[in-house]
Amino acid sequence: MRLLSIILIILSNLTYAQNCEKRVKEIFNDLIEGIGNNSIYPPTLEFSDKERSVATMGDYTITVERKVINLFCGQDNFDDKMAYILGHELAHHYLSHSWMTNTGLGYSSSIGNYIEENSPMYSKDQRKLSESQADLYAGFYGMISGYNTLANAKQTLESVYEAYKLPKVISGYPSYDERIEIIDSKIDNANDLALVFEM
């Protein structure tokens, strides 16, 4: 009887996790529909069992780790927190933040090496600008799609840093404190963008 109970608990947890993944797909589709940018081919969504990058953007693919989905699964504001993470990656996609790597110039050519070494695209300031834009547009994309992303962004970021044991300072990227400042400074901007969009 005890073994049966354990099996039922495991199956229940698996079903619950699958429901959260299904919901993430729905949020992703809501965001793309809300963005409504048909001039750029929308990315696809994939899930990963890796536990190191939270979410990443590649060539027309956004990959979200199951670890981060399970982190927020069942929590209050699950949709808003996942919309922030997905919206952030979608912003990188729709703002073409990865144009250099997508051209192939960044790999194994003297021109590509020169561009990579001398381009502001790879500087900390450019990455900080890209992250700032991604946070702003994550809030905007979420708002026009019915999610309260920026209001949940700080708690989401804090939970991610803790769960992934990320250092507060990562070379070449804005620090944790800078990310929090970016979020705080972008809430009003996102609200303004949403108001203009609604008008």
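This is a short tour of the structure above, stop by stop, for use in your viewer.

**Stop 1: the whole chain**

Start with a cartoon of everything, and keep in mind that this is a predicted model. You should find eight helices and three strands. Followed from the N terminus, the elements run α-β-β-β-α-α-α-α-α-α-α. Of the 199 residues, 42% count as buried. Switch on the surface if you like: the accessible area comes to about 11,500 Å², and 52% of that belongs to carbon and sulfur atoms. Among contacts between residues at least 6 apart in sequence, 65% join residues at least 24 apart.

**Stop 2: colour by confidence**

Now colour by pLDDT. The average is 79, and 72% of the residues score at least 70. Helix α2 has the highest mean, at 97, while helix α4 (residues 99-103) has the lowest, at 41. Next, select residues 8-16: the pLDDT there is below 50, and the stretch has two contacts in the model beyond near neighbours in sequence. Then select residues 99-116, where the pLDDT is again below 50; this stretch has 18 contacts beyond near neighbours in sequence. Where pLDDT is low, the predicted coordinates should not be read in detail.

**Stop 3: the largest nonpolar core**

Hide the surface and show side chains for V64, V68, I69, F78, M82 and L90. Of the 41 residues in the largest nonpolar core, these touch the most other members. Which elements supply at least two residues each to this core? They are α1 (2-35), β1 (44-48), β3 (61-65), α2 (66-72), α3 (78-94), α6 (124-144), α7 (149-163) and α8 (176-198). Helix α3 gives the largest share, nine residues. In soluble globular proteins, nonpolar side chains tend to be buried together.

**Stop 4: V64 and its surroundings**

Stay in the core and centre on V64. What does V64 contact, leaving aside its neighbours within four places in sequence? On one side of the numbering you will find L45, E46, F47, S48, V54 and A55; further along the chain come I69, M82 and L86. Two of these partners, I69 and M82, are also among the core residues you have just displayed.

**Stop 5: D135**

Finish by selecting D135, which lies in helix α6. Is this residue buried or exposed? D135 is buried, because its relative accessible area is 0%, and the cut-off for buried is under 20%. To see what surrounds D135, display Y84, H88, L150, R179, I182 and I183, which D135 touches when residues up to four places away in sequence are not counted.

Notes:
Residues are numbered from 1 along each chain as its sequence is written. This is a predicted model: local features need pLDDT of at least 70, side-chain atom pairs count only at pLDDT 80 or more; totals for chains, interfaces and linings use all residues. Side-chain values use heavy atoms; hydrogens and water are left out. A nonpolar core is a set of buried Ala, Val, Leu, Ile, Met, Phe, Trp, Tyr and Cys residues joined through side-chain atoms within 4.5 Å. Buried means under 20% relative accessible area, exposed over 50%, partly exposed in between (1.4 Å probe, protein chains only). Helices (H or I, at least four residues) and strands (E, at least two) are DSSP runs, numbered from the N terminus. Contact means heavy atoms within 4.5 Å. Accessible areas come from the Shrake-Rupley method with a 1.4 Å probe; for residues, only the protein chains shown count as cover. pLDDT is the predictor's confidence in each residue, from 0 to 100.
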